[in-house]
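Student: Please look closely at one part of this model, the surface patch of nonpolar side chains. I should then like to see how its surroundings connect with the rest of the chain.

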Amino acid sequence: MAVYIIGLLRHHLQDKALQSHWCDPQREKLTPLAIEMYNSVSNLPGIVLSLIGLVNTIHQRFERRFFILHFTSVVVGIGSMIMHCTLVYKQQQNDEIPMVWVMLVYIYVLYSPGWNHKVSMPTLLVPYGAIFSVLHNHYQFVTGFQLHYMLLALLCAPQIYRYYTVTTNMQARRLAHQYLFCFFSTITCWYFDQILCNRQSTLPIEPEGHAIFHILNGLNSYFGNMFLQYCRAQQLGMSPHIKYIAGMLPYVKVVSYLTPTKEPG
């Protein structure tokens, strides 16, 4: 239903159409309201997982940083859905700008515990994100956006590795393994989707590679967020444990809730 509602906006958007698509072989065949139906609905698992993380964050009284992290992940999924529903040029910014904000939140979550400077990290990151948003919305970078996003991801990698090396709980480590598996799977899926994009009509089965990429990326984001929540809860002495919803979906359960005297944010 959400896809159809969003798709109605397409008829009212007087914007420059995207010159490229994302290899959905069923483009406009399933419904005229969503140009890339599979690439649109494949964002729903990631949105649902981020909402589960958001609800757990509120229920477990985690810091606001994790509320923002899960919320921005929801925004990324919705933005991607809108973009694939419409394939209009401006709507691509609804996907890419939130992606950068998510990476900035990751940087804050990863590096703020050891940040000892007088100038707080949000004072640096928020203006940076705002300036990038304005510039990207106006100039609509392509290669520049990709290189910028890759740089932000590389900045996160050393601290994620450090968190992994100091984590001894095997269930928490399994979260990191699942995160890495989904991460490299998304890269592989993206790569082969680009290679096979123009050959899909000759294949016996339509791979829907970009839709699978969205699903894997939603799992990747969820596992990564849960791993960071566990590490942070351990830093704060909240006695975290990994529990499972329906015996399958992991989440972080704490024994002692965060008190107001702890480090805010």
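**The nonpolar patch and its setting**

Tutor: Helix α4, which spans residues 64-86, is the largest contributor to the nonpolar patch, with four residues. Helices here are DSSP runs of H or I with at least four residues, strands are runs of E with at least two, and both are numbered from the N terminus. The model is a predicted one, in which local features need pLDDT of at least 70 and side-chain atom pairs count only at pLDDT 80 or more, whereas totals for chains, interfaces and linings use all residues. Residues are numbered from 1 along each chain as its sequence is written, and side-chain values use heavy atoms, with hydrogens and water left out.

The patch consists of Ile58, Phe67, Ile68, Phe71 and Val75, which together present about 420 Å² of accessible area at the surface. Such areas come from the Shrake-Rupley method with a 1.4 Å probe, and for residues only the protein chains shown count as cover. Patch members must have over 30% relative accessible area and no salt bridge; like charges are joined within 9 Å, and nonpolar side chains (Val, Leu, Ile, Met, Phe, Trp, Tyr) within 5 Å. Phenylalanine 71 belongs to helix α4 and has a relative accessible area of 42%, so it ranks as partly exposed. On this scale, buried means under 20% relative accessible area, exposed means over 50%, and partly exposed lies in between, with a 1.4 Å probe and protein chains only.

An annotation covers part of this region. UniProt, in an unreviewed entry, places the feature "transmembrane region" at residues 67-89, 95-111 and 147-164. The positions follow the numbering used here, feature names are shortened, and annotations may be inferred rather than shown by experiment. In the model, residues 95-111 are 100% helix and 0% strand, with their end C-alpha atoms 25 Å apart. Residues 147-164 are likewise 100% helix and 0% strand, and their end C-alpha atoms are separated by 26 Å.

Helix α5 takes in residues 93-111, 19 in number, and reaches 27 Å from its first C-alpha to its last, close to the expected 27 Å. The expected span is 1.5 Å times one less than the number of residues in the helix. Of the 19 residues of α5, 16 are buried, which leaves the helix mostly covered.

The largest nonpolar core has 42 residues, among which Phe62, Tyr106, Phe227, Leu228 and Val252 touch the most other members. Two or more residues come from each of α4, α5, α6 (121-139), α7 (143-166), α8 (170-196), α9 (209-235) and β2 (249-254). Helix α5 gives the most to this core, with 11 residues. A core of this kind is a set of buried Ala, Val, Leu, Ile, Met, Phe, Trp, Tyr and Cys residues joined through side-chain atoms within 4.5 Å.

Just before α4 in sequence, the charged contacts come into view. The structure holds two salt bridges, each defined as a side-chain nitrogen of Lys or Arg within 4 Å of a carboxyl oxygen of Asp or Glu. In one, arginine 65 pairs with glutamate 63, their closest N and O atoms being 3.4 Å apart. In the other, arginine 232 meets glutamate 63 at 2.8 Å, N to O. Arginine 232 is in helix α9 and glutamate 63 in the loop between α3 (44-59) and α4, so this pair ties together parts 169 residues apart in sequence. Glutamate 63 is buried at a relative accessible area of 3%, and arginine 232 is buried at 5%. Through shared partners, the salt bridges join Glu63, Arg65 and Arg232 into one network. Arginine 65 is buried as well.

For the wider setting, the protein has nine helices and two strands, and 48% of its 265 residues count as buried. From the N terminus, the elements run α-α-α-α-α-α-α-α-α-β-β.
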